[in-house]
Amino acid sequence: MTRKLASLSMALLLCLPWMLPQTTRAAAPSYALIASDKADLGSEIQISVKGTNLSDVYAYEFNLEFDASRLKFKEANGAPQGFTVPPIVKGNRLTFAHTKVGEKPGDNGNLKFFTLTFKTIGGGNAAIEIKDVSLVNSKLEKTTQNAGVRISVAIGKALLKDMAGHWAEAAIQRAVKLGIVTGYSDGTFRPQAQITRTEFVAILARAKQLTLEETPELSFADASQIPAWARSSVSAAVKAQFISGYEDNTFRGNQPISRAEMVTIFARAFGLATDAAAKPAFADADQIPVYAQRYVTAAAEAGLISGKANNLFASNDKATRAEAVVTILRLIKS
């Protein structure tokens with residue numbers, strides 16, 4: 001009996017070193033993607049990237065993939081302290097990296113790494129996946145882990161209450177999908193409303209994918225009247241020489257844009273070939289401003305614009321939001 005007990009005790013002692021690590025070993029880091037509520041087409045959605053069971057995280061790099069047919073990357077926001085590498089986006093792959101600076105301890109426990117913002121450009125279920133994660137501790141030791149964490153975000157149809165049956169409905173829905181335009185906060189688009197110079201330039205800047213500066217420079221005498229949401233777009237369009245101010249150095253952003261102004265601006269933006277001696281074939285060609293005649297001629301000959309009743313161009317008529325969007329989309333297709 002004594003011999004049996006001794007044998008059993010020895011067996012337990014031999015097993016103990018193998019059993020203890022399994023019960024005391026720290027849990028491996030894990031990751032999660034947290035999405036904001038269901039998004040409608042043309043809106044923005046935020047994806048938070050979080051981690052648990054972390055130990056001494058001094059720096060990190062995430063490699064993700066997203067559904068580029070339904071999502072368009074906009075920005076990423078990480079920790080306010082330290083150094084963040086600007087996000088690298090190639091096709092449907094995104095890399096985000098951040099590090100602390102100086103002799104500081106790493107983070108432990110649970111951590112929110114960063115938040116991604118996407119523009120929804122297609123309906124259906126959009127997948128986002130963390131492919132792999134590299135963590136660096138305060139001793140500059142690096143470990144890489146295949147995460148394989150994936151979520152799917154449901155994207156509904158664009159909610160534009162006042163577009164059903166409108167002649168430009170399909171074009172405007174496409175513009176929303178492309179991220180060129182959005183509706184108002186009440187869910188309307190107001191296609192027949194006159195479009196202001198500011199609104200038109202903002203749409204054009206999105207269509208041309210102009211680089212927008214965080215601190216735009218505007219020298220117009222009435223620059224203070226340009227709303228904050230449009231200042232970067234106006235500044236970028238001025239630098240690209242798509243637009244200019246009036247003789248008194250005003251921009252007059254709240255002023256509805258005329259058909260002649262609209263055609264002139266988008267013809268410059270999309271580089272339409274023009275002939276300085278060309279004359280428009282419209283019945284009211286003599287009423288089209290001299291500065292706009294070659295642009296109107298080029299746009300008409302390219303099939304990008306058409307006249308109104310009785311072959312009138314009506315250059316002084318104010319362009320509507322629907323007209324502006326349809327014209328820009330024709331140029332994108334051409």
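**Exercise 1.** In this predicted model, work out in which loop Arg190 lies, and whether Arg190 is buried, partly exposed or exposed.

*Solution.* Begin with the position: Arg190 belongs to the loop that runs between α2 (169-177) and α3 (197-207). Next, look at the backbone, where Arg190 shows a positive phi of about 60° although it is not a glycine. For comparison, most residues other than glycine have a negative phi. Finally, the relative accessible area of Arg190 is 35%, and because partly exposed covers the range between 20% and 50%, Arg190 is partly exposed.

**Exercise 2.** Find the loop that holds Asn249, and describe the phi of this residue.

*Solution.* Asn249 is placed in the loop between α4 (228-239) and α5. Its phi is positive, at about 65°, although Asn249 is not a glycine. With a relative accessible area of 35%, Asn249 is partly exposed.

**Exercise 3.** Determine how the axes of α5 and α6 are placed relative to each other, and which residues meet.

*Solution.* The axes of helix α5 (residues 259-269) and helix α6 (residues 290-301) come within 9 Å and cross at roughly 70°. Angles of 65 to 115 degrees count as roughly perpendicular, and α5 and α6 are therefore roughly perpendicular to each other. The crossing in which α5 passes α6 is left-handed. On the side of α5, the residues that take part include Val263, Phe266 and Arg268, and among their counterparts in α6 are Tyr291, Tyr295 and Val296. Sorted by character, the residues of this contact comprise nine nonpolar, one polar and two charged.

How values were computed. Residues are numbered from 1 along each chain as its sequence is written. This is a predicted model: local features need pLDDT of at least 70, side-chain atom pairs count only at pLDDT 80 or more; totals for chains, interfaces and linings use all residues. Side-chain values use heavy atoms; hydrogens and water are left out. Axes are lines fitted to C-alpha atoms, for helices over the stretch in contact, and angles run from 0 to 180 degrees between N-to-C directions. Helices (H or I, at least four residues) and strands (E, at least two) are DSSP runs, numbered from the N terminus. Angles under 35 degrees count as roughly parallel, over 145 as roughly antiparallel, 65 to 115 as roughly perpendicular and the rest as oblique. A crossing is left-handed if the near helix is turned anticlockwise from the far one by less than a right angle, and right-handed if clockwise. Contact means heavy atoms within 4.5 Å. Ala, Val, Leu, Ile, Met, Phe, Trp, Tyr, Cys and Pro count as nonpolar, Asp, Glu, Lys and Arg as charged, and the others, Gly among them, as polar. Buried means under 20% relative accessible area, exposed over 50%, partly exposed in between (1.4 Å probe, protein chains only).
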